[in-house]
Amino acid sequence: MHVSARLTLAALALASLSLLGPTQAPAQSQQMVAATPPMGWNSWNFFAEKVTDKDIRGAADQLVATGMKDAGYVYVNIDDTWEAERYANGVLHTNEKFPDMKALADYVHSKGLKIGIYSGPGPKTCGGYAGSLGHEEQDAQMYASWGIDYLKYDLCSFIPAVMMKQAPNDKAAQMKLMIAAYDKMAKALKATGRPIVFSLCQYGWDGVWEWAPALGGNLWRTTGDIDPHWDRVYTILEQQDGLAKYAGPGHWNDPDMLEVGNGKLTLAENRSHFSMWALLAAPLLAGNDLPNMKPEIKAILTNKDVIAIDQDQLGKQGTRAYSDGEVEVWTRPLSGGAMAIAVLNVGDNRYSTHPFHLNLTKLGLHGSQAGKDLWSGKEVTLTNEMPIELASHDILLVRIAAPK
Ligand code: GLA
């Protein structure tokens, strides 16, 4: 089924959290699962239901060959459509596209990478394949036995099959059932003893950011699906404002996987999408065709300075400082007292931002600020009310080492 059609279907149906502070010991954070936002690649945005074992091996090879692995992309995540039927003993088998999951996991691990898989709490996945309902422990144990390092758990058919069936017309009871289903898989994963990143995919329902960390969620989708169009990327970006306080080491808001290099996104749009996901401390899961990646797309995905913003140890998500007409200014506090500033031209119909003037006072800064433009790689000095000219959908991303 088409993604948007499936999500329309989903839409129809329609704890306490301890933030770990900057003083957290580094040794502890190294052991923590998803101490920084997970980075890797996921099959869905490019291959969708066509993905095969060969594509996953190819992606692993390319992460190494392109330098993406060295830049931090370690998870190779198989999305939906690997599942076949359950046998009488309840064991779920892979379909012909994935003849031997253990061998595939071993292959990915042999490259120094990690491997992720996909399921959901309902009887079926979003793509109509077998889900984990009633087999949560069994599935979790099987993932662990294969050596799986990451699970994306997608709500989809749990909505009509359980929530609407068991609690028709009772939204609150439906949400309780949903939370219990995620809690069940979280416990099943924990019981395996294997560190497995737990990614909640339920489109941001019921303030997931408020309850997911307490049950052990490492990331949670905050919205419906992304697609490779600027309007969608921007709509998702707008929905992230206000969620910053819920993110931190081990638990992240997930505005969905990257579309960098997909569809008809322009170079400026790809750059802005990547910059803003870094500013949001979002998981960076590339979703493009790695074997056919253009050099300019590789340059975006492997920009080490931008990745360093995303992966900053402080783990504080950025926020929108102000907007002025069609220009938005976002900032993110970084470890060591540094700061990232993003100036984004979201205007569609006007080619350039001129005459936009950056107001540093609104960012709590005084006087000129020495920094680095992370896309040109050049040193820059920002001054109050300096004019900044950006083409439509382009971005200026600056790191200020010692903001005053
Ligand atoms: C949903 C999810 C997507 C993807 C598909 C797979 O739409 O939100 O990210 O996993 O299901 O069927």
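In the predicted model, valine 329 stands opposite valine 343 of strand β13. This pair belongs to the contact between strand β12, which spans residues 327-333, and β13, the two being joined in the antiparallel sense by seven bridges. Five residues lie between the strands of this hairpin, and among them glycine 336 adopts a positive phi near 75°. β13 also pairs with strand β18 (residues 395-400), again in the antiparallel sense, here over six bridges. Within that second pairing, alanine 340 is found opposite arginine 399 of β18.

Strand β13, comprising residues 339-345, is mostly covered, with seven of its seven residues buried. In a regular strand, side chains alternate between the two faces of the sheet. In β13 both faces are covered: Met339, Ile341, Val343 and Asn345 are buried on one side, and Ala340, Ala342 and Leu344 are buried on the other. Alanine 340, the partner of arginine 399, and valine 343, the partner of valine 329, thus belong to opposite faces of the strand.

Parallel pairing characterises an open sheet of eight strands, arranged in the order β9-β8-β7-β6-β5-β2-β1-β10. Its edges are formed by β9 (252-254) and β10 (284-286), each of which pairs on one side only. On average, neighbouring strands of this sheet are turned by 25° against each other, direction ignored. At the β10 end of the order, strand β1 (residues 39-42) runs parallel to β10 and is joined to it by three bridges. Tryptophan 41 has alanine 286 as its bridge partner in β10.

Towards the other end of the order, strand β8 covers residues 219-221 and contains arginine 221. Although arginine is counted among the charged residues, arginine 221 is buried, with a relative accessible area of 3%; this value falls under the 20% limit for burial. The side chain of arginine 221 reaches the backbone oxygen of threonine 223 at a distance of 3.3 Å.

Leucine 243 is located in the loop between α11 (230-238) and β9. Its relative accessibility is 6%, and leucine 243 therefore counts as buried. Leucine 243 and glutamine 317 are separated by 74 residues in sequence, whereas their C-alpha atoms are 8.3 Å apart in space.

The ligand is surrounded by 14 residues, of which Asp79, Asp80, Lys152, Asp154 and Asp225 come nearest. By class, this shell consists of seven charged, six nonpolar and one polar residue. Three of the nearest residues can be described through the distance between an N or O atom of their side chains and an oxygen atom of the ligand. For aspartate 225 this distance is 2.5 Å, for lysine 152 it is 2.8 Å, and for aspartate 80 it is 2.9 Å. The ligand taken alone exposes 310 Å², and 99% of that area is buried by the protein.

Key:
Residues are numbered from 1 along each chain as its sequence is written. This is a predicted model: local features need pLDDT of at least 70, side-chain atom pairs count only at pLDDT 80 or more; totals for chains, interfaces and linings use all residues. Side-chain values use heavy atoms; hydrogens and water are left out. A residue is near a molecule or strand if one of its heavy atoms lies within 4 Å of it. A polar contact is a pair of N or O atoms within 3.5 Å; within protein, one must be able to donate a hydrogen and the other to accept it, and residues adjacent in sequence count only if both atoms are side-chain atoms. Accessible areas come from the Shrake-Rupley method with a 1.4 Å probe; for residues, only the protein chains shown count as cover. Two strands pair if DSSP finds at least two bridges between them. Helices (H or I, at least four residues) and strands (E, at least two) are DSSP runs, numbered from the N terminus. Axes are lines fitted to C-alpha atoms, for helices over the stretch in contact, and angles run from 0 to 180 degrees between N-to-C directions. Buried means under 20% relative accessible area, exposed over 50%, partly exposed in between (1.4 Å probe, protein chains only).
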